[in-house]
Amino acid sequence: MNKYIAIIVLSLASFIARGQGETVIIVNYLPAVSLGETADFTNNFSPRGVDFEVNYYLTEDFSMGFVTSWNIFREKISGETFDYNDLTITGTQFRYTNVVPLNINAKKYFTGNTATPYIGVGVGTSYAKQSNDIGVFTLSQDKWLFNVAPEVGLLYDMSRSTVLSFKVKYNYSPKAGDFPSMSYVSFGFGIGMK
Amino acid sequence: MKKLIKLFVFVIPISFLVASCYPGFDATVEEMDIAVTKYDSTQNFTQLSSFFLYDTIVYIDDDEDSEDIDHTQEDHILSEVRQNLLNLGWTEKTEADTTADGEIDADVSIMVSALATDISYYYYYWWDYWYWYPWDYWYPWYPGYPIYPVYPVYPSYGYTVGSVLIDMVDMNDAEMPHNPDRPSGKIPVVWTGGVNGILSGSDSNIASRLTKQIGQVFKQSPYLNKKDTKNE
């Protein structure tokens, strides 16, 4: 985990030190659909998500930066029996998955007039927590995972200092020990400032 | 500085928005009910086929932190436990089956208790069992022990006030303490069923919830089914 944080901090520091080029800060509303093992635990389309990104343009059509997001998935499962350690438990389960990736982002832009499509990828770490509330019990586990997040999107210039953002992003963190892999597709739309 | 202002303008309202949207389900009373079972995986349940049901519910309380719980469901609880065991093919033994040496000849003893206080994990240890287990009932010749507010080997998550706990003790493998004043012996609890928190509160559906949850603890314990065994 410390290794990931060091990489992120050093990368950001180098951008700040340059002090040149354009920086765009974007906040996206980020609903998402859980997939794979994430959906096995919490299978739903979640309207609860947000991300915040900082993109520093190294050239006119290439940026690097930092992105963090927060997605929450939940699912209610009634009357299912499951084993936990040496117990067998039956009841209504209220399951939650929280995922918070912290990634370094690289984006390639295909510059147009007012609309600028792009492709990008984020690499870094992700904090994931799964909890299961059943009766008065809460069974939970959390883990820091490696994370990769390719995305495609579009920036639309509203003015000289404001852009609209649209994107589709796939987040994936591989399984680590007993902790399942995290996998989901998010759909972002938001606003940015230059 | 301008960028920092931008950052705070964006991040603070969004953070509040997401935090305020953090989801919680509105659970009904029934949705908070759970049935929990635990059993001794080394136990051969096919060797056990008769039970004796202690006809009184033991209320486990604590002088400092006890709450009122519903005592009106005793007969219903005992009836449900008895009926579920009979439905699974067990044979009931009663006081009428007392042997010449004063023992009741059943393979297992069923003890039902209810919590008037929360208990947390491993707070009480198995040897405390000796203090409240009704040996005088099981062995009429044995000196009676007072019933103490203690409970053995429950899982690390704790049970809350109002829980009903059903214990099955293998009497074929139980060993009586040699010295009643310093109990030491063996109480093999081979199966436990717990229905959490159901006797607290004032819900009008307690009886039907008890029926459902007590039935569930037996349903999720297929190794207790004697009918399948007899059919083999």
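Against which elements of chain B do the buried residues of α2(B) pack? We will come to that helix after a short tour of both chains.

This is a predicted model, in which local features need pLDDT of at least 70, side-chain atom pairs count only at pLDDT 80 or more, and totals for chains, interfaces and linings use all residues. Residues are numbered from 1 along each chain as its sequence is written, while chains are lettered from A and ligands numbered from 1 in the order in which they are written.

Let us start with chain A. It has two helices and ten strands, where helices (H or I, at least four residues) and strands (E, at least two) are DSSP runs numbered from the N terminus. Along the sequence they come in the order α-β-β-α-β-β-β-β-β-β-β-β. Of its 194 residues, 40% are buried; a residue is buried if 20 or more other C-beta atoms lie within 10 Å of its own, exposed if 12 or fewer, and partly exposed in between, with C-beta atoms placed from the backbone. The mean pLDDT of chain A, which is the predictor's confidence in each residue from 0 to 100, is 87, and 90% of its residues reach 70 or more. Over residues 8-20 of chain A, though, the pLDDT is below 50, and this stretch has eight contacts in the model beyond near neighbours in sequence. Two residues are in contact if their C-beta atoms, placed from the backbone, lie within 7 Å.

For a close look at one residue of this chain, take Ile191(A), in strand β10 (residues 182-193) of chain A. Ile191(A) counts as partly exposed because it has 15 C-beta neighbours inside 10 Å. Leaving aside neighbours within four places in sequence, Ile191(A) touches Val27(A), Thr162(A), Leu164(A) and Ser165(A).

Chain B, meanwhile, has six helices and seven strands, arranged along the sequence as α-β-β-β-α-β-β-α-α-β-β-α-α. Buried residues make up 33% of its 232 residues. Among its contacts between residues at least 6 apart in sequence, 79% join residues at least 24 apart.

Now for the largest nonpolar core, a set of buried Ala, Val, Leu, Ile, Met, Phe, Trp, Tyr and Cys residues joined through C-beta atoms within 7 Å. This core has 43 residues, and Phe51(B), Val81(B), Val108(B), Ile110(B), Val112(B) and Val164(B) touch the most other members. Elements of chain B that each supply at least two residues of this core include β1 (34-39), α2 (74-87) and α5 (206-219). The most comes from β5(B), with six residues. Apart from this core lies another, of seven residues, among them Ile26(A), Val27(A), Phe52(A) and Tyr118(A).

That brings us back to α2(B). Its 14 residues should span 20 Å at 1.5 Å a residue, and its end C-alpha atoms are 20 Å apart, which agrees; the expected span is 1.5 Å times one less than the number of residues. The buried residues of α2(B) are Ile77(B), Glu80(B), Val81(B), Asn84(B) and Leu85(B). They lie on the same side of α2(B), because they cover an arc of only 125 degrees around the axis, the arc being that of the directions from the helix axis to the C-beta atoms. And here is the reply to the opening question: these buried residues pack against β2, β5, β6 and α5 of chain B. After α2(B) comes Gly89(B), whose phi is positive, near 100 degrees.
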